[in-house]
Amino acid sequence: MTEGEVLRLVVVRALELIGADHVLLALPADGGAELVVVVCAGADEAAFDGLRLPCDGTIGGAVFRTGKARRAVTPGPGLDDRSGAAMAVPLAGVDESLGVLIALRDKGKPVFTADRVTLATGFAEQAALAVRTAREHLHRHELDLLNERDRIARELHDHVIQRLFAVGLSLQGLGRAAESPELRRRLTESVEDLQEVVREIRNTIFDLHGDPAGATWLRRRLQQVIDELTEHTGVRAIVRMSGPLSVIPPELAVHAEAVVREAVGNTVRHAMARSVTVAVAVENELSIGVTDDGSGISPDSVHSGLAALAARAADAGGTLHVQASPEGGTRLLWSVPLP
């Protein structure tokens, strides 16, 4: 059962057991300043669903804060105009308060007796256990799902894409050896189709690895580095990232961060630029392009920082190119093949 199904079952059973007209289950919101009714059982459920109750001055708020069951002639603000007698018991975990179970009777009906409070307290203890079990089950399910997504992504990257690359290389070799122009054209088209398939697979891998925000650790880290270097400098940063950055292994991610930090840092310190554009792309390789509209390449950077970036590229089997941009400024392109 899902957590929502468990919560629904809790209020329905409590309604039958306690002898109330309505039973609400409220969870904390806004740092504990309010309680929000997430599920309700009774004749007029819609009137209570989603209701926000202040913790100050209400029976539910008092029970949530103290962890002790209470009964009252009226439930307090937010419910006084709807109900009469009230009782609330904590829905508590091992080291936290999960929420509050609130039982209500219609106006004019008798208050809850002490034995009903005892009965409701025991029921709430069992209900809290059921809720914790449902949450743990959901957590395990989510972990299993993430592990399965990681497995599929690894299979796609390590086996399917590599086999497609091998087929593409074979077709390219046949194309160079073919004497017929028509055959060469068709083989070239087939290679291009394979490259498009690889791009689609990489995007699928990205989706499998993506978090709920659609981002990855590397995306966030590179953006953070760029923000740190350009903040309060007057240099406008334009950032473009494309492709499945989530497939980048940790050792290559370290290189990527160092390249962005050095290249953008050079722009900020030496280029007297108004803007810098950082383009990070993942297709068959990881490429990082940094272009500015400044004064050109600094001689000092050529012999120090850029030499280090060239060494990083060489270590990973890639290349570094630095040249003057036709529009003015400097363009750096650092690229390495994916492992």
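**Two sheets, a cavity and a few residues**

Reader: In which sense do strand 5 and strand 6 pair, and over how many bridges?
Author: In this predicted model, local features need pLDDT of at least 70 and side-chain atom pairs count only at pLDDT 80 or more, while totals for chains, interfaces and linings use all residues. Residues are numbered from 1 along each chain as its sequence is written, and side-chain values use heavy atoms, with hydrogens and water left out. Strands (E, at least two residues) and helices (H or I, at least four) are DSSP runs numbered from the N terminus, and two strands pair if DSSP finds at least two bridges between them. Strand 5 and strand 6 pair in the antiparallel sense, over 7 bridges.

Reader: Which residue of strand 6 is the bridge partner of Ala92?
Author: Strands of a sheet pair through backbone hydrogen bonds, either parallel or antiparallel. Here the pairing of strand 5 with strand 6 is antiparallel. The bridge partner of Ala92 in strand 6 is Ser97.

Reader: What about strand 4: which residue of strand 5 is the bridge partner of Arg70?
Author: Strand 4 and strand 5 also run antiparallel, joined by 3 bridges. In strand 5, Arg70 has as its bridge partner Ala88.

Reader: How many residues of strand 5 are buried?
Author: Buried means under 20% relative accessible area, exposed over 50%, and partly exposed in between (1.4 Å probe, protein chains only). Strand 5 is largely enclosed by the rest of the structure, because the buried residues number 6 of the 7.

Reader: Which are the edge strands of the open sheet of 6 strands?
Author: The order of this sheet is 3-2-1-6-5-4, with antiparallel pairing. Each edge strand pairs on one side only, and the two are strand 3 (52-54) and strand 4 (70-72).

Reader: By how many degrees are neighbouring strands of this sheet turned against each other on average?
Author: Axes are lines fitted to C-alpha atoms, for helices over the stretch in contact, and angles run from 0 to 180 degrees between N-to-C directions. With direction ignored, the average turn between neighbouring strands of this sheet is 30 degrees.

Reader: Helix 1 and helix 2 both pack on the sheet; what angle does the direction of helix 2 make with that of strand 5?
Author: Taking contact as heavy atoms within 4.5 Å, helix 1 (residues 3-18) touches strand 1, strand 2, strand 5 and strand 6, and its direction makes about 65 degrees with that of strand 2. Helix 2 (residues 59-66) touches strand 1, strand 2, strand 4, strand 5 and strand 6. The angle between the directions of helix 2 and strand 5 is about 30 degrees.

Reader: What is the volume of the second largest cavity?
Author: On a 1 Å grid over the protein atoms alone, a cavity is a set of points where a 1.4 Å probe fits but cannot get out, and lining residues have an atom within 4 Å of a point. Grid points are joined across faces, edges and corners, and a volume is the space filled by probe spheres set on the points. The count comes to 3 cavities of 30 Å³ or more. The second largest has a volume of about 40 Å³.

Reader: Which elements give two or more residues to the lining of the second largest cavity?
Author: The lining residues are Ile18, Val23, Met87, Ala88, Val89, Leu101, Ile102, Ala103 and Ala120. The elements that give two or more of them are strand 5 (86-92) and strand 6 (97-104).

Reader: Which strands stand at the edges of the open sheet of 5 strands?
Author: This sheet has mixed pairing and the order 7-8-9-11-10. Each edge strand has a single partner, so one side of each is left without a neighbour in the sheet; these are strand 7 (236-242) and strand 10 (319-324).

Reader: How many residues does the hairpin between strand 8 and strand 9 pass through?
Author: Strand 8 (residues 275-282) and strand 9 pair in the antiparallel sense over 7 bridges. Among the residues that face each other, Val280 has Ile288 as its bridge partner, and Val282 stands opposite Leu286. The hairpin joins the two strands through 2 residues.

Reader: At what angle does helix 6 run to strand 9?
Author: Strand 9 (residues 285-292) is largely enclosed by the rest of the structure, because 6 of its 8 residues are buried. Helix 6 lies across strand 8, strand 9 and strand 11, and its angle to strand 9 is about 10 degrees.

Reader: Is Leu222 buried or exposed?
Author: Leu222 is found in helix 5 (residues 217-230). Leaving out residues up to four places away in sequence, Leu222 touches Met241, Leu245, Ala256, Glu257, Val260 and Val280. With a relative accessible area of 0%, Leu222 is buried.

Notes. 1 Å grid on protein atoms, 1.4 Å probe; cavity = no way out; pocket = protein on both sides within 12 Å on 5 of 7 lines; lining within 4 Å.
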